[in-house]
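Student: Could you take me closely through one part of this model, starting with a pair of strands and the loop that leads into it? After that, I'd like to see how the surroundings are put together.

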Amino acid sequence: MSKIRNGFRRVHLWLSVPFGLFITLICFSGSMLVFEDEVNEILLSDLYRVDGSDGDAMSLSELMPRVAACLPDSVDVTGVTIFPDPSKAYKVSLSKPNRASLWVDQYTGEIKGMDQRLPFFKFMFSLHRWILDSERPADGGIWWGKLLTGISTLLLVIILFTGVVIWMPKKRRELKNRLRIPVSKGWYRFWLRLHDTGGVYAVVLLLVLSFTGMTWSFQWYNKAFYAVLGSEAPIRGQRSGSAHSKDAKGAKTKSDAKREDVDRGNLYEGWHTAYKQVYESNPDKQIAVSSGLVSVALSGFGNKRASDKFYFDKDNGKIVAVDRYSEAPRSSKIRGWIYSLHVGSWGGMTSRILTFIVALFGATLPLTGYYLWIKRLLKKGIKND
């Protein structure tokens, strides 16, 4: 048994020493991203907040043409997100650049500014996903940062598993003592127990973060992960849809939207009519409206990307079909669950705080491991002398 334990200890050490620093960077940057939205709303409150004390919000049929008129000819309005909080501005999605959006005061029609990511969070996101490498190399080569992130995360799973095996006490009566982290038996003892016992306390959530995170790193893993869950992996870059979307009458391309429909004044009239129908039964939910589709975000425990979808006739705004999240295909639900579990949003603020703490603690594990390893090397060197 001791030989097996020593073998696990060697694997634990040999993987941790070369990849420990990368694991620290990935865990630390991930923890910093947990509360990005809250930090943005505090530091950029002028962008997100409006004074809704005077009168009602403008209708979409009045507000959207104003926004569209301020955009370059090559840029179209593709959707708008309306929040249940009346003091939060509307978020208007644009056709380009990719995923671009701006914030609009729904009471005055003022464009407050483009949606933006603070430089700190841009840095943290790049560090977390690609170890500061580019997302798409200019020469179309290997994404070294993405590959290194995936390998480090995969090895973290092995490191955690071997760490738990090393920690397991030989006798059951020693378990109670192993579960404690002493604070009065010297620094070395404290860091040792914080490293191994603390790692055991955090191992389940760290494994959840690792297993879900690797779906963004390896295509083979992504397919295998979905297969194990009895589903088919979604095609990268493809949004989940429905056959009902074809029932929405009068489909137009995004490039046609501003030039034709805004001039005629009927596109956003349909948006507003559809929105009002859906809002009546969902006044306390976040609602997103786009061409032919109204999405209602579902709150509560679980998949934070869950939504009911209402398809409407673009000419008159009449709802023609409804896709309930409860009836959505399994692959669509799994995709949202993976994201929710990875970012810690599945259980509301409680799970997000827990995810922040565990990810931050995960960043310290390689550092305390390096400390313990160096101390042992120095101690061994002194004995040899």
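Tutor: Gladly! Two strands count as paired if DSSP finds at least two bridges between them. The strands themselves are DSSP runs of E with at least two residues, while helices are runs of H or I with at least four, and each kind is numbered from the N terminus. What you see is a predicted model, so local features are described where pLDDT is at least 70 and side-chain atom pairs where it is 80 or more, while totals for chains, interfaces and linings use all residues. Residue numbers start from 1 along each chain as its sequence is written, and side-chain values rest on heavy atoms, with hydrogens and water left out.

Now to the strands. β3 covers residues 101-104 and β4 covers residues 111-114; the two run antiparallel and are joined by 3 bridges. One pairing to find on your screen is W103, whose bridge partner in β4 is G113. Together β3 and β4 make a hairpin, with 6 residues between the two strands. In the turn sits G109, whose phi is positive, at about 85°.

Step back along the chain and you reach the loop between β2 (90-94) and β3, where P97 has its place. The peptide bond that joins K96 to P97 is cis, with omega about 0°. R99 lies in the loop between β2 and β3 as well, and its phi is near 65°, a positive value in a residue other than glycine. As general background, most residues other than glycine have a negative phi, and most peptide bonds are trans. For accessibility, buried means under 20% relative accessible area, exposed over 50%, and partly exposed in between, using a 1.4 Å probe and protein chains only. R99 has 74% relative accessibility, so this residue counts as exposed.

A second backbone feature of this kind is found at L132, in the loop between α5 (119-130) and α6 (144-167). Phi of L132 is near 70°, again positive in a residue other than glycine. Here the relative accessibility is 45%, so L132 counts as partly exposed.

Before β2, the chain brings us to the side-chain contacts. A salt bridge here is a side-chain nitrogen of Lys or Arg within 4 Å of a carboxyl oxygen of Asp or Glu, and the whole structure has 10 of them. K88 forms one with E41, with the closest N and O atoms 2.9 Å apart. Because K88 lies in the loop between β1 (77-82) and β2 while E41 belongs to helix α2, this pair ties together parts that are 47 residues apart in sequence. K88 is buried, with a relative accessible area of 13%, whereas E41 is partly exposed, at 21%. The pair is part of a network of salt bridges that links E41, R49, D85 and K88.

Helix α2 has another such contact. E38 and R352 meet through their side chains in a salt bridge at 2.6 Å, N to O. E38 sits in α2 (residues 36-43) and R352 in helix α13 (residues 348-384), so the contact ties together parts 314 residues apart in sequence. E38 counts as partly exposed at 29% relative accessibility, while R352, at 14%, counts as buried.

Elsewhere, D308 and R324 meet in a salt bridge at 3.3 Å, N to O. D308 lies in strand β7 (residues 307-312) and R324 in the loop between β8 (319-323) and α12 (330-343), so this pair ties together parts 16 residues apart in sequence. D308 is buried, with a relative accessible area of 11%, and R324 is partly exposed, with 37%.

Let me finish with two places in the interior. Helix α4 (residues 60-69) has L60, L63, M64, V67 and A68 as its buried residues. Viewed down the axis of α4, these fall within an arc of 130°, so they line one face of the helix; the arc is that of the directions from the helix axis to the C-beta atoms. In general, an α-helix has 3.6 residues a turn, so residues three or four places apart point the same way. The other place is V296, found in strand β6 (residues 293-297) and buried, with a relative accessible area of 0%. Its C-alpha atom is separated by 8.5 Å from that of A306, 10 residues apart along the chain.
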